[in-house]
Amino acid sequence: MNTRQIDPPEHLYADELAFLAAADRGPRPPGWRLTPHAVVTFIAGSAGRPMPGPDGRQVTIAPKFVGERALVERCVVTLAGERGLLLVGEPGTAKSMLSELLAAAICGTSALAVQGTAGTTEEQLRYGWNYALLLAKGPSREALVPSPVLTAMTTGAVARVEEITRCLPEVQDALVSILSDRRLVLPELADDPVAYAAPGFCVIATANLRDRGVSEMSAALKRRFNFEVVPPIADFDAEVALVTRQARATVERVGAAYTVDEAVLETLVTAFRDLRTGSTVEGWEVERPSSVMSTAEAVAVAASIGLSTAYLPGPDPLSLLPGHLVGVVRKDDPADHARLLAYWDGALRRRAEAGGRMWRQLWEQRDVLRD
């Protein structure tokens with residue numbers, strides 16, 4: 001029995017990673033487990049074509065990140081050099097997932113990560129001390145407690161810093177010398193005062209565009225990163241497929257069956273896209289809520305509906321959607337509730353009048369939206 005709620009990508013896709021390591025014998029950057037071409041294939045897929053392996057097997061690699069292949073290629077090229085990679089974008093655009101996939105493919109682990117918050121300290125990016133050993137033996141390598149970044153440096157792995165702009169600027173700048181000099185000075189260790197970056201070491205950071213300006217990065221740190229913007233999913237069918245896949249996986253991890261009809265999920269994704277973009281496919285304008293209407297939020301709603309139908313059967317799954325939408329749009333600004341009502345009375349009503357069965361059912365649930 002699996003004792004983890006969620007497997008990291010290096011475990012979930014271990015067979016694919018092993019196959020790609022054996023199948024692609026092209027040039028690899030120092031310290032990398034896969035070639036850059038194999039890393040891109042692992043993340044973006046093999047375009048539906050089976051890849052031949054050295055043992056005669058043929059394996060088709062499914063895409064794991066929904067986005068442009070060119071974006072993944074630019075990320076891989078950056079990490080093959082000596083600059084950091086900064087993934088920026090709106091919340092819920094799979095920046096963290098992309099960073100995990102890159103780390104798993106390059107070095108075999110995505111676990112060397114620091115979650116940036118207002119409370120993140122410089123020690124979490126550099127090193128700390130085991131104070132019992134420090135008092136007993138004095139400053140020594142044995143008493144040193146390395147950060148995930150320092151561990152990645154000395155082992156030639158990928159360090160991940162999530163939501164870097166939530167960290168205070170003076171904490172962020174602990175990365176400046178690490179990225180430029182590729183070493184970290186440990187002044188307390190007089191006999192061995194420098195830790196050097198091993199081949200393969202690189203840094204992937206993520207930043208949320210909604211938090212830009214909260215703790216603005218210094219110009220010195222910005223110069224040490226290549227920025228890549230991760231946009232929302234453009235293709236409707238791809239977004240529906242992703243929401244379906246992720247929501248199903250969430251429900252099945254708890255041992256329940258996912259029984260939500262695809263038409264319900266298409267309606268859910270359509271509503272999210274309308275509110276996210278401020279317009280419908282028909283060309284009708286929609287007032288955008290300030291809350292984040294991301295794909296990740298759509299997955300959470302789809303999973304909640306799936307869990308409800310599994311554990312609390314009875315209501316039509318579509319009838320659960322309005323209540324969940326209210327919960328999403330009211331996270332940041334209570335005024336967004338009025339915007340959701342305006343969407344219901346505008347675009348949704350016009351679709352219902354045009355004869356759309358799903359939209360007519362949703363329109364009939366309007367009272368759920370009221371306080």
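When I say that two residues touch, I mean a contact, that is, heavy atoms within 4.5 Å. With that in mind, please look at leucine 102, which, leaving aside residues up to four places away in sequence, touches Val39, Ile43, Cys75, Val76, Leu79, Leu85 and Ile204. I should say at once that this is a predicted model, and everything I describe this morning is computed from it.

Leucine 102 belongs to the largest nonpolar core, which has 69 residues, and it is listed there with Val39, Ile43, Ile164, Leu175 and Phe225 as the residues with the most contacts inside that core. The largest share of this core, seven residues, is supplied by helix 5, which runs over residues 95-107. Apart from it lies another core, this one of 40 residues, including Ala271, Ala298, Ile305 and Leu341.

Let me step back to the whole protein for a moment. Its secondary structure comes to 16 helices and 11 strands, and its C-alpha trace spans about 80 × 55 × 40 Å along the principal axes. Of the 371 residues, 48% are buried, while the protein exposes about 17600 Å², of which carbon and sulfur atoms supply 53%. If we take the contacts between residues at least 6 apart in sequence, 69% of them join residues at least 24 apart.

Now to the sheet. Five strands form an open sheet in the order 4-7-10-3-11, with parallel pairing, and its edges are strand 4, residues 113-115, and strand 11, residues 225-229, each of which pairs on one side only. From one strand to the next the twist averages 15°. Strand 4 pairs with strand 7, residues 158-162, in the parallel sense over three bridges, and glutamine 115 stands opposite glutamate 162 of strand 7.

Two helices deserve a closer look. In helix 7, residues 148-155, the buried residues are Val149, Leu150, Ala152 and Met153; why do they lie on the same side of helix 7? They do so because they cover an arc of only 160° around the axis. Just after helix 7 comes glycine 156, which takes a positive phi of about 70°.

Helix 14, residues 321-329, buries Leu321, Pro322, Leu325, Val326, Val328 and Val329, and these cover an arc of only 165° around the axis, so they sit on the same side of helix 14. As for what covers the buried residues of helix 14, the cover includes helix 12 (262-277), helix 13 (295-311), helix 15 (336-353) and helix 16 (357-363).

How values were computed. Residues are numbered from 1 along each chain as its sequence is written. This is a predicted model: local features need pLDDT of at least 70, side-chain atom pairs count only at pLDDT 80 or more; totals for chains, interfaces and linings use all residues. Side-chain values use heavy atoms; hydrogens and water are left out. A nonpolar core is a set of buried Ala, Val, Leu, Ile, Met, Phe, Trp, Tyr and Cys residues joined through side-chain atoms within 4.5 Å. Buried means under 20% relative accessible area, exposed over 50%, partly exposed in between (1.4 Å probe, protein chains only). Helices (H or I, at least four residues) and strands (E, at least two) are DSSP runs, numbered from the N terminus. The arc is that of the directions from the helix axis to the C-beta atoms. Two strands pair if DSSP finds at least two bridges between them. Axes are lines fitted to C-alpha atoms, for helices over the stretch in contact, and angles run from 0 to 180 degrees between N-to-C directions. Accessible areas come from the Shrake-Rupley method with a 1.4 Å probe; for residues, only the protein chains shown count as cover.
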